[in-house]
Amino acid sequence: MEKKIPNLNLVNIGTGKKPLYAIKGLMELPCWTGYFLVESPNYLIKTKVVTDGRMDLWVDGEIRADKSFHIDREQINSYFYLVEKQERIQQSILEELKKEFPRLLSDEYSSWGQENGNFPKISELTPGFDFKNYIGPSSISIEEDTKEDMAYVKWHFQCLWDSEHGFEVITHKERVIDVSPEADIFKINKDNNTYEAMEREWKDKVWNAPRKKKWWQFW
């Protein structure tokens with residue numbers, strides 16, 4: 001039987017007058033159960049955590065005019081890789097975040113108040129540290145870009161230090177491509193060797209675009 005991503009549906013993320021459809025489902029990765037997600041407005045409950053490893057799943061597929069949709073085999077492969085290798089991918093994300101965290105503190109969050117307890121301290125980043133009380137994945141997006149028969153995946157994490165925006169991670173299989181407040185998607189193109197071709201195509205469009213005449217040019 002051909003493998004398919006279960007429970008995918010089209011959802012309108014636009015408005016009634018200007019609909020914008022996207023492919024959405026549900027991801028269950030139990031290894032993330034209990035990780036921090038958001039602060040609860042109920043003062044009796046200090047935090048809300050990832051429950052049963054559930055998070056939103058988005059797939060960057062083709063949506064047709066009749067509201068049917070198509071997703072690529074590489075995206076299906078990535079879905080089942082996420083399920084089967086979830087602990088390995090989780091460990092890679094946590095290790096990369098731990099490695100990159102000093103840089104994030106000095107560069108991305110240098111102007112933030114880092115002494116309020118929302119940021120883990122550098123001294124906490126021991127080999128066994130897992131960020132469990134600081135971060136939690138809220139959604140996963142399976143991208144259209146691929147490499148070696150597998151699509152790239154973009155993760156959105158909620159975090160204690162930036163409850164409004166969180167941060168993002170890009171993975172391919174268990175490799176971490178980027179960790180940043182806002183992931184750099186061009187790193188995908190550099191990783192799968194499509195960046196130079198994309199850059200050439202963009203330059204060709206710019207150079208070959210028809211030039212508008214000045215208001216005083218009549219010929």
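**Reading a predicted fold, feature by feature**

Analyst: Start with one residue. Lys67 is partly exposed, with a relative accessible area of 49%. Buried means under 20% relative accessible area, exposed means over 50%, and partly exposed lies in between (1.4 Å probe, protein chains only). This is a predicted model, where local features need pLDDT of at least 70 and side-chain atom pairs count only at pLDDT 80 or more, while totals for chains, interfaces and linings use all residues. Residues are numbered from 1 along each chain as its sequence is written, and side-chain values use heavy atoms, with hydrogens and water left out.

User: Where does Lys67 lie?

Analyst: Lys67 sits in the loop between strand 6 and strand 7 (69-70). Helices (H or I, at least four residues) and strands (E, at least two) are DSSP runs, numbered from the N terminus. The backbone of Lys67 has a positive phi of about 70°, although Lys67 is not a glycine. Asn7 also has a positive phi, of about 60°, and is not a glycine either. Asn7 is in the segment before strand 1 (9-12). With a relative accessible area of 62%, Asn7 is exposed.

User: How many helices and strands does the protein have?

Analyst: There are four helices and 11 strands. The protein has 219 residues, and 37% of them are buried. About 13,900 Å² is exposed, and carbon and sulfur atoms supply 51% of that area. Accessible areas come from the Shrake-Rupley method with a 1.4 Å probe; for residues, only the protein chains shown count as cover.

User: How do I read contacts? Which residues is Ser78 in contact with, beyond its neighbours within four places in sequence?

Analyst: Contact means heavy atoms within 4.5 Å. Beyond those neighbours, Ser78 touches Ile142, Met150, Ala151 and Val153. Ser78 belongs to helix 1 (residues 73-84). At 2% relative accessibility, Ser78 counts as buried. Now take the protein as a whole. Among contacts with a separation of 6 or more, 55% join residues 24 or more positions apart.

User: Try a glycine. Is Gly25 buried or exposed?

Analyst: Gly25 is buried, with a relative accessible area of 10%. Find Gly25 in strand 2. Leaving aside neighbours within four places in sequence, Gly25 is in contact with Asn7, Leu8, Asp56 and Leu57. Gly25 and Val11 are 14 residues apart along the chain, and their C-alpha atoms are separated by 9.4 Å.

User: Next, charges. How many salt bridges does a search of the whole structure find?

Analyst: A salt bridge is a side-chain nitrogen of Lys or Arg within 4 Å of a carboxyl oxygen of Asp or Glu. The search finds 12. Take Arg54 and Glu28: their closest N and O atoms are 3.8 Å apart. This pair links distant parts of the chain, with Arg54 in strand 5 (residues 54-59) and Glu28 in strand 2 (residues 21-28), 26 residues apart. Arg54 is partly exposed at 47% relative accessible area. Glu28 is partly exposed too, at 40%.

User: What about Glu95 and Lys98: where do they lie?

Analyst: Both lie in helix 2 (residues 86-106), three residues apart, about one turn of the helix. Their side chains meet in a salt bridge (3.5 Å, N to O). Glu95 is partly exposed at 35% relative accessibility, whereas Lys98 is buried at 10%.

User: Which residue forms a salt bridge with Lys147?

Analyst: The partner is Asp191, with the closest N and O atoms 3.6 Å apart. Again the pair links distant parts of the chain: Lys147 is in strand 8 (residues 135-147) and Asp191 in helix 3 (residues 186-191), 44 residues apart. Asp191 is buried, with a relative accessible area of 18%. Elsewhere, salt bridges that share partners join Arg73, Glu74 and Asp149 into one network.

User: Last feature, patches. Which residues gather in a patch of negative charge on the surface?

Analyst: Patches are made of residues with over 30% relative accessible area and no salt bridge; like charges are joined within 9 Å, nonpolar side chains (Val, Leu, Ile, Met, Phe, Trp, Tyr) within 5 Å. Lys and Arg count as positive, Asp and Glu as negative; His and the chain ends are not counted. Each charge is placed at NZ of Lys, CZ of Arg, CG of Asp or CD of Glu. Here the negative patch gathers Asp60, Glu62, Asp72 and Glu144. Glu62 lies in strand 6 (residues 62-63). Glu62 is partly exposed, with a relative accessible area of 45%.
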